[in-house]
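Please read the following points with the model open beside you. They take up one helix pair and then one pocket.

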Amino acid sequence: MQGVLTGFAVIAVVIAVGYAIGRRGYLGDQGREVLTKLAFHVASPALLFTTLAQTDLSVIFSSRLLVTALSTAAAAGVFVTVGVVRHWGVGRTTIGALCSSYVNSGNLGIPIAVYVLGDASLVAPVLLFQLVGVTPVALTILDLSGKGEKGPLWRRLLTPLRNPIAVGSLAGVAVSATGLRIPAPVLDPLTLIGGMSVPAVLLAFGISLCGSTMPGRGPDRHPVFLSVALKSVGQPAAAWALAAGVFGLRGAPLLDVVVTSALPAAQNLYTYASSYRVAERLARDSILLSTVISVPVLVVVAALLG
C-alpha cells in the first residue's frame, strides 16, 4: 500500500520537524500560537478559497456524498449523545464530535486518493461537505458557546460570515458556482499563501507534542477513546453499511467511500481547538491516536475491498 505509507510518511516527517523545532525552541515560547493563528486566519482561508473556487460543484450531487454525510452524522451523533449524557460541555463535545467524524481529506486524503484510489478528485465531495457544511456549523457553535451574551438573532445568524475559515470556503463555492475566472495576479498570491496552511498546521501540532504526556491519559481520556473508536472503526463501518446496503455501491465506488471515511481526524481540528482555547488536549490526542490506528485500518480496507 504505497499510497497509504507515502501519505503517512509525509505527515510524520513534518510533525517530527515541528517537534524538533519545539524541543530546540527555535520559534520561542509563542511559536505554536503564531503558527496556529497564521493557519487559521490567513493561510487556511486562502487554501480553501483557491481549492473550492476551482472545483466542479457537480460532485455534491452524488450518492458518495450522501454516504459521507450520513456516516459523518452517525459518528458525530453518537459522540454528541454521550457528551450530553456525561455533561462534557458544549465546547468539548463539539471538538470531540469533529474528531469522531471529520476526516483528513486534504493533506492525507489527496495522496491516498491518488495512489490508492487512482483519482485525486474523489476526495472532493468529502472536502466540500466538510468545508461548506460541517465547518461553518461547528465553528458557529464554538463562536456562540464561547461568548457569554447571545446578542440579537441577526448577529447570531451572521456568525459564520465573521469566521475566516467559513468566509474562505463560502467565497470559493460562490466563485465556482458562478463560473468566474480569477485573474492570475489575484489567484497566484492566494495559492502561494494557501500553501503555508498544511505545513503550519502540522508544525504547530508537532510543537504541541513537546513535554506532553502519553495520549489517552488525564481527564479527557474517555472522550479521547470514544472519538478514536468512532473515527477509526465506527465511521468506516457506517459508510460500508450505507454504501453497500442502502445505496448498492460495489467495487471501486464502495472502496472510495470506505477509504475516505477511514481517514484519521484532520490536523486542522487542533487549530480550531487551539484558536478557541477549548479541548486542546482532546483534539491533539484524538488526532494522534486516530492517525496511528488508521494505518492498519486503511491497509485492511484496501485489501478487502480493493
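1. In this predicted model, a suitable place to begin is the contact in which L48, T51 and L52 of helix α2 meet L127, L128, L131 and V132 of helix α6. Sorted by class, the residues of this contact between α2 and α6 are six nonpolar and one polar, with no charged residues.

2. The geometry of the pair can then be added: helix α2, covering residues 31-53, and helix α6, covering residues 124-145, pack at an angle of about 130°, and their axes lie 12 Å apart. Because of that angle, α2 is oblique to α6. As for handedness, the crossing in which α2 passes α6 is left-handed.

3. The other feature to look at is the second largest pocket, for which the computed volume is about 230 Å³. Its lining consists of 13 residues, and of these A76, T94, A97, A138 and I141 are the closest to the centre of the pocket.

4. Which elements give two or more residues to the lining of the second largest pocket? They are α3 (63-86), α4 (90-101) and α6, and the largest share, six residues, comes from α4. Helix α6 therefore deserves a second look, as the helix that packs with α2 at about 130° and also one of the elements giving two or more residues to this lining.

5. Finally, the character of the pocket lining may be set out by class: nine residues are nonpolar and four are polar, while no charged residues are found in the lining of the second largest pocket.

Conventions: Residues are numbered from 1 along each chain as its sequence is written. This is a predicted model: local features need pLDDT of at least 70, side-chain atom pairs count only at pLDDT 80 or more; totals for chains, interfaces and linings use all residues. Side-chain values use heavy atoms; hydrogens and water are left out. Axes are lines fitted to C-alpha atoms, for helices over the stretch in contact, and angles run from 0 to 180 degrees between N-to-C directions. Helices (H or I, at least four residues) and strands (E, at least two) are DSSP runs, numbered from the N terminus. Angles under 35 degrees count as roughly parallel, over 145 as roughly antiparallel, 65 to 115 as roughly perpendicular and the rest as oblique. A crossing is left-handed if the near helix is turned anticlockwise from the far one by less than a right angle, and right-handed if clockwise. Contact means heavy atoms within 4.5 Å. Ala, Val, Leu, Ile, Met, Phe, Trp, Tyr, Cys and Pro count as nonpolar, Asp, Glu, Lys and Arg as charged, and the others, Gly among them, as polar. On a 1 Å grid over the protein atoms alone, a cavity is a set of points where a 1.4 Å probe fits but cannot get out, and a pocket is an open set with protein on both sides within 12 Å along at least five of seven lines; lining residues have an atom within 4 Å of a point. Grid points are joined across faces, edges and corners, and a volume is the space filled by probe spheres set on the points.
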